[in-house]
Amino acid sequence: MKVFTGSSNPTLAKKLAQTLKVPFGKVKLSRFSNGEARVWIQDKHPHEAAVIVQSLAPQPDQSLVEFTLIIDALKRFGVKKVIAVMPYLGYSKQDKVFRPGEPLSAKVIVQMLQTAAFDQLITFDLHNQAIVGFFNQPIIQLSAQSLFLNHFAQLKTQDTLIVAPDAGSAKSSAQLAQKLGLEVVYIDKARDLVSGKVSIKGISRSVKGKQLIIMDDMIVTGGTLIKAAEFLKKKGAVQIFVGATHHLYVPGTQAKISASPIDQLIVSDTIQAPKQYNKLKIISVAPLLAAAIKKL
Ligand code: R5P
């Protein structure tokens, strides 16, 4: 087996190869003068199996094209089994037709992904479980929750509560709270579909004097978590930790988080960090991936 990477997340791909103790495959990624992607597998001989690591971020469209071309190249080169690791499935927030006239983008992207002849696809913490049903074949969905659980278990005190920042995160927050033996605070959040602006209507219980852990599946603009942290701080929270599996590193978000009442932001490496910054802690999903791949 060899591990290959597209341009989206080479750091995680290298960590995965090290964890699996397998070599790193050589693929040259460049552009034709007309802007089209050019992919070239530069190994001498095909291996029995290849793992290709590619998230659909931070350049979702470019990453999608690279992903399909690399898999086609690997198969034509003679690789028998291709395991596609897509730690972050882009377009997953577009999981509904929110307004008449919009596409069901998450489904369209899944259909495009399936044009690539991978044998197995592994992903993490999908935004909506319905997306699993958009695939024609079974996929493996892993969760980074165990990594966060270990981290938060060390931080928690007698005064810690878990915060579910919106209705979508209620179930996973309740599960996390149960595993940590903590109570949950539910936030009533609304988002304007046109401006994307987040507003908070209320919370389910008092947070005065409490240490809070807010867990979400992803950070895009940071609007949800920053608004929640500001609201909770005003309500008397003393310390606020935030965890999210996917951090999309939208430009400007880091500065907003640094200036917010959030004390620490813990994310996984499903998306490559452009740089480390104040308050950020990154936990790697490589061991979870390696364990799942070894079982195949
Ligand atoms: C919403 O349903 C998601 O779970 C996240 O809360 C949301 O995607 C975060 O986006 P942003 O950082 O832009 O508020």
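Start with the ligand: in this predicted model, one of its oxygen atoms sits 2.6 Å from an N or O atom in the side chain of Thr 224. Asp 217 does something similar, with a polar side-chain atom 2.6 Å from a ligand oxygen. For Asp 166, the distance between a side-chain N or O atom and an oxygen of the ligand is 3.4 Å. Here are those contacts side by side.

| Side chain | Distance to a ligand oxygen |
|---|---|
| Asp 166 | 3.4 Å |
| Asp 217 | 2.6 Å |
| Thr 224 | 2.6 Å |

Zooming out a little, 14 residues surround the ligand, and the ones that come nearest are Asp 216, Asp 217, Thr 221, Gly 222 and Thr 224.

**Two domains and what lies between them**

The protein splits into domain 1, made of 2–143 plus 287–294, and domain 2, which covers 145–269. Their C-alpha centres are 29 Å apart. Where they meet, 14 residues of domain 1 are in contact with 13 residues of domain 2.

Now for the insides. In soluble globular proteins, nonpolar side chains tend to be buried together. The largest nonpolar core here has 36 residues, and the members that touch the most others are Leu 16, Val 51, Val 53, Val 85, Phe 152, Leu 289 and Ile 293. Both domain 1 and domain 2 give residues to this core, so it lies between them. Take Val 85 as a way in: leaving out neighbours within four places in sequence, its contacts are Val 51, Ile 52, Val 53, Gln 54, Ile 122, Leu 289 and Ile 293. There is also a second, separate core, with 30 residues, including Ala 57, Val 185, Val 242 and Val 267.

**Two helices, each with a buried face**

Helix 1 spans residues 10–20, and its buried residues are Leu 12, Ala 13, Leu 16, Ala 17 and Leu 20. Looking down the axis of helix 1, these buried residues fall within an arc of 140°, so they line one face of the helix. The spacing fits a general rule: an α-helix has 3.6 residues a turn, so residues three or four places apart point the same way. Among the elements covering the buried residues of helix 1 are strand 1 (2–5), strand 4 (49–53) and helix 8 (286–294).

Helix 8 has buried residues of its own: Ala 286, Leu 289, Ala 290, Ala 292 and Ile 293. Seen down the axis of helix 8, they fall within an arc of 165°, so they too line one face. They pack against helix 1, strand 4, strand 5 (81–86), strand 6 and strand 7. Leu 289 and Ile 293 should ring a bell, since both are on the list of residues touching the most other members of the largest core.

**Two buried serines**

Ser 63 belongs to helix 2 (residues 60–77). Its relative accessible area is 2%, so it is buried. A polar atom of the Ser 63 side chain lies 2.8 Å from the backbone oxygen of Gln 59. Not counting residues up to four places away in sequence, Ser 63 touches Ser 8, Gln 54, Ser 55, Leu 56 and Ala 57.

Ser 173 sits in helix 5 (residues 170–180). With a relative accessible area of 0%, Ser 173 is buried as well. Beyond residues up to four places away in sequence, Ser 173 touches Ile 162, Val 163, Ala 164, Pro 165, Val 184 and Met 215.

**Backbone oddities**

A few spots deserve a look if you're checking torsions. Ala 57, one of the residues Ser 63 touches, is joined to Pro 58 by a cis peptide bond, with omega at about 5°. Pro 58 is in the loop between strand 4 and helix 2.

Then there are two residues with positive phi that aren't glycines. Lys 21 has a phi of about 60° and comes just after helix 1, in the loop between helix 1 and strand 2 (27–31). Asp 125 has a phi of about 30° and is found in the loop between strand 6 (120–124) and strand 7 (140–142). Which of the pair is buried and which is exposed? Lys 21 counts as exposed, at 75% relative accessibility, whereas Asp 125 counts as buried, at 15%.

Note on methods:
Residues numbered from 1 in each chain as written. Predicted model: local features only at pLDDT ≥ 70, side-chain atom pairs only at ≥ 80, totals over all residues. Heavy atoms only, no water. Buried < 20%, exposed > 50% of the residue type's maximum accessible area, 1.4 Å probe, protein only. Helix = DSSP H or I, 4+ residues; strand = E, 2+ residues; numbered from the N terminus. Arc of directions from axis to C-beta. Contact = heavy atoms within 4.5 Å. Core = buried A, V, L, I, M, F, W, Y, C linked by side-chain atoms within 4.5 Å. Domains from an automatic or database assignment. Near = heavy atom within 4 Å. Polar contact = N/O pair within 3.5 Å; in protein donor to acceptor, adjacent residues only side chain to side chain.
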